[in-house]
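Welcome! Take a moment to look over the sequence and the model below, and then we will walk through them together.

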Amino acid sequence: MSTADALAPAPPRPRAGRLAGATLTLDPARPLHLARLDDGLTAAVVSIAWLRARGDTVRAALEARHLTGDEAAHAAGLRLPGRRYEWLAGRLALKHGVLAHARRHGRRAGRTRDVRVGAVAHGPRAGRPVVNAPVDVGLTHSGDFAVAVCGPRPVGIDLERRRSMPPMLTELLTADDHRAAAHADPDRRRLATMPLPLRWACKEAVLKHYGFGLRVDPREVALHTWRHDHGFTWRPGPGLLHHAPPVGDGPLHGWARCIDGYFLALVWT
């Protein structure tokens, strides 16, 4: 196998999600990792570190093998090498995730070049990734990894690497700690122990689930509980309710934990 082939194969009330039995690995030496998560979700992790270490020859071979003509042209226009590796990793994660999800659910998978990745063009959800397949997708990049998640309904995912938070963001993320720490509910008290990058990932994952990203103030997502099974809940503020009124699609699930030194949050219906 060639090196270039190595990548082959109120809104509804939130409730704590369970991804029991799911094994999601963030290994910079592993070019591609596919994971079957609960509730019919499928994840794909692509190592940006692996791509960088292989250099431009392997990058070009992967682009030729997996990208459409339009995607290859877009990649060629990315002048910063770091951005080009990150963008390619995201496309590879989405394409392989979509194909793995199709195989899992008994549908014809096709080729990576058959999976066309686009984005919502206008409105408050502009930039949200979409694909030409009967599946909803989410994508996140951080540090050495790009992670895509696919599911039957809207999903939101965010990955953050360990880092120091600036004072203003720290103040935003710890505003309710004193109330959480004094609460009778142990899951409410446990929220005060959640690492700050993980809290930020939770807020971003919620907003990305709706397709807004940071167009909506993250303070509109008030974290409420964090359980020992890594499920988390939140309360929407009036601004979020204005942009995302209840639609009756069922409860939202939240799951957040530290994995291999990174902080990952996932939200799904």
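## A first look inside

Let us begin with two rings: Phe145 and Tyr262 are both buried. They also form an aromatic pair, with 5.2 Å from centre to centre and 85° between the planes, which makes the arrangement edge-to-face. Phe145 belongs to strand 7 (residues 145-151) and Tyr262 to strand 12 (residues 262-268), so this pair ties together parts that are 117 residues apart in sequence.

Please keep in mind that this is a predicted model. In total, the structure holds 3 aromatic pairs. Another of them joins Phe232 and Trp234: the ring centres are 5.5 Å apart and the planes meet at 45°, so this pair is tilted. Phe232 has a relative accessibility of 1% and therefore counts as buried. Trp234, at 3% relative accessibility, counts as buried too.

A ring can also have a charge for company. The charged end of Arg190 sits over the ring of Trp226, at 3.9 Å from the ring centre.

## The chain as a whole

Stepping back, you can find 8 helices and 12 strands in the chain. It has 269 residues, and 50% of them count as buried. About 12300 Å² of the chain is exposed, with 52% of that area supplied by carbon and sulfur atoms.

## Two pockets

Rolling a probe the size of a water molecule over the atoms shows where empty space is left. The table sets out two pockets found in this structure.

| Pocket | Volume | Classes of lining residues |
|---|---|---|
| Largest pocket | about 420 Å³ | 11 nonpolar, 10 polar, 5 charged |
| Second largest pocket | about 270 Å³ | 8 nonpolar, 1 polar, 6 charged |

Which residues lie closest to the centre of the largest pocket? They are Gly127, Arg128, Pro129, Leu139 and His141, out of 26 residues that line this pocket. Helix 3 (81-104), strand 4 (117-119), strand 6 (136-142) and strand 8 (155-161) each supply at least two residues of the lining.

The second largest pocket is lined by 15 residues, and Leu172, Leu173, Ala175, Asp176 and Lys203 are the closest to its centre. Here, at least two lining residues come from each of helix 4 (167-173), helix 7 (196-210) and strand 9 (221-226).

Definitions and conventions: Residues are numbered from 1 along each chain as its sequence is written. This is a predicted model: local features need pLDDT of at least 70, side-chain atom pairs count only at pLDDT 80 or more; totals for chains, interfaces and linings use all residues. Side-chain values use heavy atoms; hydrogens and water are left out. Helices (H or I, at least four residues) and strands (E, at least two) are DSSP runs, numbered from the N terminus. Buried means under 20% relative accessible area, exposed over 50%, partly exposed in between (1.4 Å probe, protein chains only). Accessible areas come from the Shrake-Rupley method with a 1.4 Å probe; for residues, only the protein chains shown count as cover. Rings of Phe, Tyr and Trp (its six-membered ring) pair if their centres lie within 6.5 Å; planes under 30 degrees apart count as stacked, over 60 as edge-to-face and the rest as tilted. A charge sits over a ring if NZ of Lys or CZ of Arg is within 6 Å of the ring centre and within 35 degrees of the ring normal. On a 1 Å grid over the protein atoms alone, a cavity is a set of points where a 1.4 Å probe fits but cannot get out, and a pocket is an open set with protein on both sides within 12 Å along at least five of seven lines; lining residues have an atom within 4 Å of a point. Grid points are joined across faces, edges and corners, and a volume is the space filled by probe spheres set on the points. Ala, Val, Leu, Ile, Met, Phe, Trp, Tyr, Cys and Pro count as nonpolar, Asp, Glu, Lys and Arg as charged, and the others, Gly among them, as polar.
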